Amino acid sequence: MKNLFKILMCSAVFFLAAACSKDITGDDSSTTGGGITYKSCSDTEEVSAEAQNVTVTITSEGAWSAKSSATRIASIKEGTESGEAGTHDIILEFAANTTDFNRNVTLSVTVGGKTITLCRFTQLSESLKGTDANVNKNYTTPILDEFYLWNEDFRELTLDYNQAYDDFVNNTLSSMTTNILDGHWENGKRQYIYSYIQRYSASSASAALAEFTRAGKTPVSGYGFYAEPAILDYSGSYYFLINWVYPDSPAAVAGLKRGDIIGKVNGTVINESNVENIFYDYFYYYPTVGTKTTFSICDYDFNTSKPSYGADADVELTATSYYETPVIYSTVFSSKEDPNIKIGYMVYNSFESEYDDDVAKVFETFREEGINNIILDLRYNGGGAVSSARMIASALAGANGGTSGNEKVFEYYRRNDERMEKMGLDKDNYETYESEPFDVSVATKYGFDLDNIYVIATVNTASASELIINSLRGIDVPVKIVGTTTNGKNVGMEVMSFGPVDGYTYVFAPISFQSYNAKGESNYSNGFEPDVLADYSMYVPNDWGLNEPMLAEALNDLHKSKTTSKVKQTIQANKRCFTPVKMKHSRFDNPLRNNMFMVLDEPVKE
């Protein structure tokens, strides 16, 4: 194993899943309906990475026009994009896929005013079959053999090395039945595995690997907001909803806020055929400094399902450098019912150790304001650096975390049986496991004496976020959850890098340990259930503050004023539904970008 970097520990969860589409059923001899009686393609097809033309033959009952959902991936050759009734060829001109991920494009046809999907093409990433087989056999497999939490069961598998490097990991580990903790499950089905692998070219490897060292804050270039593609009010109309805006970013300076609805980008109205293309062109890649884009913010009438644009609807943003701090919003509320109640509220989106000083500044403000209750909003927080989770948990625990020299256990770690034996640890006795204590120095400097701790949570609340809940409950510090059931990730990764292999560097993070609290509890693989159920996941978000319904639910429960109508009024005002449109790739679901790591003491041996 060559040039391995340090082992690191990671907490990961994916916000967005595979892209959805409304594919019609059928194969190359099917009757598709909707005016198309024959098509030569299946509902889904794979094409290789090189530039090429792909021909789809159709028989139409009337005049027709074809459309590609992403012209930058595959455009329709001029002269084959429309025709009259009869049999015709549609020629898709695929550009070479030089990215490190597969790309999707949908070919649709409109006949007589009705649009149907002919085929969804997946263009594979750059073909390196020989390299992939080498990586799978000589690098990935030995790492799983040594570090994977279920390594003994992995050794019993018959392995197919002739797969793409990421497919090998996903397909192999998904095929196992004993590793149920490696992945998020819904309705008895594993939605995805947590273990992941990522490949980087020589030109991008050093920048990507710098993510792991967390040596300091690194600015990014862009506009400074996260927007979710969605269909509003089940009307079929597509928009982007702003979920949060980074402080001091171009979007923040321009006055954009959570809950704003983007209906146009550079004057183009968002619709089903272009939403994926717009997402990748304007929301996936970081634009270079100086790039200008106009976002049109609309008022949406939920009675008529129609947008309207005012005189100030168009907001031109110029990409600049800014810092994506995980501290999105914080404030202190003083209770009108009881002046002695002061509540600190912080929206925290990921555990990034290089931004611990931002968290510390918020905690210093909370101490100055004399808060005695806290609401930690982790609804978008998929995990991150355990060191940051330990810092926050220690502050919340205060004196309950122990005293210097007599600290209580924050977390125990259990690794696979073979490693436990080599370390001289009893795998059946959690009290012998490696452990980390609460940090009483943090409690002394930033800690609180709290009457109530609330966590706002959703299925996106995972790993290090759940670790805070479990660790505090392990020392009998009560935590109340408002929202929906959390993700259920009670395992973590040790992340390692290998390469270069044929010019590529790989970062691999297999699940390698399970975490336990001071009581030896790790029984939340199905997620923590909420104490106060508040599901507004399908509502257009309100801006942060008292009109945000999940926060209102927490404040309502804290005051125990069940008869108040304030929360009901807030909920009713916010009852505006949407359906998310999920993209296969997002800057915010990339584990190497969205999740943070803790460097362990010993480097991996070469």
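Which residue of strand 10 does Thr-106 stand opposite? I looked this up to begin my notebook, and the partner is Arg-120. I keep in mind that this is a predicted model.

**Entry 1: around Thr-106**

I followed the two strands outward from that pair. Strand 9 covers residues 103-111 and strand 10 covers residues 114-123. They pair in the antiparallel sense, and I noted nine bridges for them.

Next I looked up the sheet they belong to. It is an open sheet of five strands, in the order 3-10-9-5-7, with mixed pairing. At its edges I found strand 3 (44-47) and strand 7 (82-83), each of which pairs on one side only. A general reminder for myself: strands of a sheet pair through backbone hydrogen bonds, either parallel or antiparallel.

**Entry 2: a four-stranded sheet**

I then turned to an open sheet of four strands, which runs in the order 2-4-8-6. Here the pairing is antiparallel. Which strands stand at the edges? I found strand 2 (36-39) and strand 6 (74-76) there; each has a single partner strand, so one side of each lacks a neighbour in the sheet. I also checked the twist: neighbouring strands of this sheet are turned by 30 degrees against each other on average, direction ignored.

Strand 2 was worth a second look. Its pairing with strand 4 (residues 52-60) is antiparallel and spans three bridges. Within strand 4, Ile-58 is the residue that stands opposite Lys-39.

**Entry 3: Ser-235**

Where is Ser-235 found? I located it in the loop between strand 15 (225-232) and strand 16 (237-245). Its relative accessibility is 32%, which lies between the 20% and 50% limits, so I wrote it down as partly exposed.

I went through its surroundings too. Leaving aside residues up to four places away in sequence, Ser-235 touches Tyr-300 and Ser-305. With Tyr-300 there is a polar contact of 3.1 Å between the side chains. A polar atom of the Ser-235 side chain also lies 2.8 Å from the backbone oxygen of Leu-232. Looking further along the chain, I noted Phe-578: it is 343 residues apart from Ser-235, yet their C-alpha atoms are separated by 8.9 Å.

**Entry 4: Asn-138**

My last stop was helix 1 (residues 129-147), where Asn-138 is found. Is Asn-138 buried or partly exposed? With a relative accessible area of 43%, it is partly exposed. Its side chain makes a polar contact of 2.6 Å with the side chain of Asn-134. I also noted Tyr-161, 23 residues apart from Asn-138 along the chain, with 9.8 Å between the two C-alpha atoms.

Terms used. Residues are numbered from 1 along each chain as its sequence is written. This is a predicted model: local features need pLDDT of at least 70, side-chain atom pairs count only at pLDDT 80 or more; totals for chains, interfaces and linings use all residues. Side-chain values use heavy atoms; hydrogens and water are left out. Two strands pair if DSSP finds at least two bridges between them. Helices (H or I, at least four residues) and strands (E, at least two) are DSSP runs, numbered from the N terminus. Axes are lines fitted to C-alpha atoms, for helices over the stretch in contact, and angles run from 0 to 180 degrees between N-to-C directions. Buried means under 20% relative accessible area, exposed over 50%, partly exposed in between (1.4 Å probe, protein chains only). Contact means heavy atoms within 4.5 Å. A polar contact is a pair of N or O atoms within 3.5 Å; within protein, one must be able to donate a hydrogen and the other to accept it, and residues adjacent in sequence count only if both atoms are side-chain atoms.
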